[in-house]
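Please go through the architecture of this protein chain in order, from its overall make-up to its sheets, its unusual backbone positions and one of its pockets.

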Amino acid sequence: MKKTVNKDLQERKNKVFARGQGNAYSNFVKEAKNAEVWDVEGNRFIDFGSGIAVCNTGHSHPKIIEAVKNQIENFSHTCVMVNPYEVGVELAEKLTALAPGESEKKAIFVTTGAEAVENCVKIARAHTGRRGVIAFNGGFHGRTNMTMALTGKTMPYKKGFGPFPAEIYHLPYPTKLNGTSVKDTLTALKNLFKVDILPEDVAAIIIEPIQGEGGFYQTPVELLQELRRICDENGIVLIIDEIQTGFARTGKMFNIEYAGIEPDLMTMAKGIAGGYPLSAVVGKAEIMDSPIPGGLGGTYGGSPVGCAAGLAVLEIIEEEDLINRANQIGDIFNRRLNELKDKYPALISDVRNKGAMIALELMIDGDIENPNAELTKAITAKAAEYGLILLACGFNANVIRFLPALTMSDEIVNEGIDKFIDLFESLVQN
């Protein structure tokens, strides 16, 4: 029998997959355990992407495997809107209890992060009777038509896909590197209310507490707190998108806890179920109950298998103290990447992290206004040769992002960083 090789699988994939659903690496996975991945040829990789912040609890955690097997032995699907089940109720009870703030909470389950965002907009519009939604430059909220409209980056997410829904507005997002302050953002919001849409016509403001695809920028606490005040003052629903930041990733269960405010609605996905398709909206009960029965849902929403995995994820986070572990891992990355920055000050403009959500931003010749997208692309392109899985992001495509499993050992963390440093230096010293 002919041995399966990556090249053959890539050729087969290219013949049957649309090119729009491409793949970053041509290493086809055969096995993955915790923070390590092996391809069909037996090559080993340290995974610094975790399926884009999905496997916070590592690949194939025994507790998740057991929970999923037990659920499948009973049943795999009935549709939660037809015949519901206890595992879904239990997960909703736990998530509503974990969500920040004192208000009574309710939840819905859907399948993807984009679906969660779409449903937030539906809920906000049903609750307020208003039409407008405000988002931010550089934000990412999904690939459906509505969520593409909310996303504040054209390439590659919006190219060729318009027209998009109307009544979507974008504000500048404040970062030191792009020279935009919180005051600039709030001034733009005031101008928006004067020029384009009255506050009493705005249903919702949506924001990531840390921008994901935008470059892992931490949203300033003072902006989040002021948005909370403005929303309260004007009856606007504040939506916090925790899809990439949730479930212990940033050293809190949810990143918005750092700001000390209560969202009206929160999106949850990615790390929620350890790799099984599941997402949720959790929010204030009075707002969540605004749509009529049947107005929210989806055939696979709240999959019992996904809910069982989600309950296991919450147990793992608690039992293995992954919130603190995220901070420990982040500290290692922060120290070692800053040592690299000190060595290459003309190439690395910034190292930033919140817990185990870590970014390395690259520039050309010490000019922070000259992003080094070429070097970023070269690093990710060559990562597999060094036994790494790496992801890039950034409004200017010049950020290497690290999303290690929170179950990763110090030994594997340091081995992976060693490999990354070797990779980096192989490119910049030639």
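Helices (H or I, at least four residues) and strands (E, at least two) are DSSP runs, numbered from the N terminus. On that basis the protein chain has 13 helices and 16 strands. The radius of gyration (taken over C-alpha atoms) is to be compared with the globule rule, 2.2 Å times the number of residues to the power 0.38. The radius of gyration of the protein chain is 21 Å, close to the 22 Å that the rule gives for 430 residues, so the chain is as compact as a globular protein of that length. The C-alpha trace spans about 60 × 55 × 45 Å along its principal axes.

The model is predicted: local features need pLDDT of at least 70, side-chain atom pairs count only at pLDDT 80 or more, and totals for chains, interfaces and linings use all residues. Residues are numbered from 1 along each chain as its sequence is written, and side-chain values use heavy atoms, with hydrogens and water left out.

Turn next to the sheets. Two strands pair if DSSP finds at least two bridges between them. One open sheet has 7 strands in the order 4-10-9-8-7-5-6, with mixed pairing. Its edge strands are strand 4 and strand 6, each of which pairs on one side only. From one strand to the next, the twist averages 20°; axes are lines fitted to C-alpha atoms, for helices over the stretch in contact, and angles run from 0 to 180 degrees between N-to-C directions. Within this order, strand 8 (residues 237–241) and strand 9 (residues 265–268) pair in the parallel sense over 3 bridges, and I240 stands opposite M266 in strand 9. Helix 4 packs on the sheet, where it touches strand 4, strand 9 and strand 10 (279–284); contact means heavy atoms within 4.5 Å. The direction of helix 4 makes about 130° with that of strand 4.

Another open sheet has 4 strands in the order 1-2-3-14, again with mixed pairing. Here strand 1 (29–33) and strand 14 (388–389) are the edge strands, each pairing on one side only. Strand 3 (residues 44–47) and strand 14 are parallel and share 2 bridges, and D47 has I389 of strand 14 as its bridge partner. Helix 13 (residues 410–428) packs on this sheet, touching strand 2 (36–39), strand 3 and strand 14, and its direction makes about 100° with that of strand 3.

There is also a hairpin. Strand 12 (residues 357–364) and strand 13 (residues 367–371) run antiparallel and are joined by 2 bridges, with I364 standing opposite D367. The hairpin has 2 residues between its strands, and D365 in the turn has a positive phi of about 50°.

Most residues other than glycine have a negative phi, and most peptide bonds are trans. S50, which is not a glycine, has a positive phi of about 50°; its place is in helix 2 (residues 50–53). A cis peptide bond joins M155 and P156, with omega about 0°. The peptide bond from G162 to P163 is also cis, with omega near 5°. P156 lies in the loop between helix 6 (145–150) and strand 6 (168–171), and P163 is found in the loop between helix 6 and strand 6 as well.

The last stop is a pocket: on a 1 Å grid over the protein atoms alone, an open set of points where a 1.4 Å probe fits, with protein on both sides within 12 Å along at least five of seven lines; lining residues have an atom within 4 Å of a point. Grid points are joined across faces, edges and corners, and a volume is the space filled by probe spheres set on the points. The second largest pocket holds about 490 Å³ of space. Its lining has 23 residues, with V80, A107, I108, F109 and L296 nearest the centre. Helix 4 (86–98) and strand 4 (105–110) each supply at least two lining residues, and strand 4 gives the largest share, 5 residues. The lining divides into 15 nonpolar, 6 polar and 2 charged residues, where Ala, Val, Leu, Ile, Met, Phe, Trp, Tyr, Cys and Pro count as nonpolar, Asp, Glu, Lys and Arg as charged, and the others, Gly among them, as polar.
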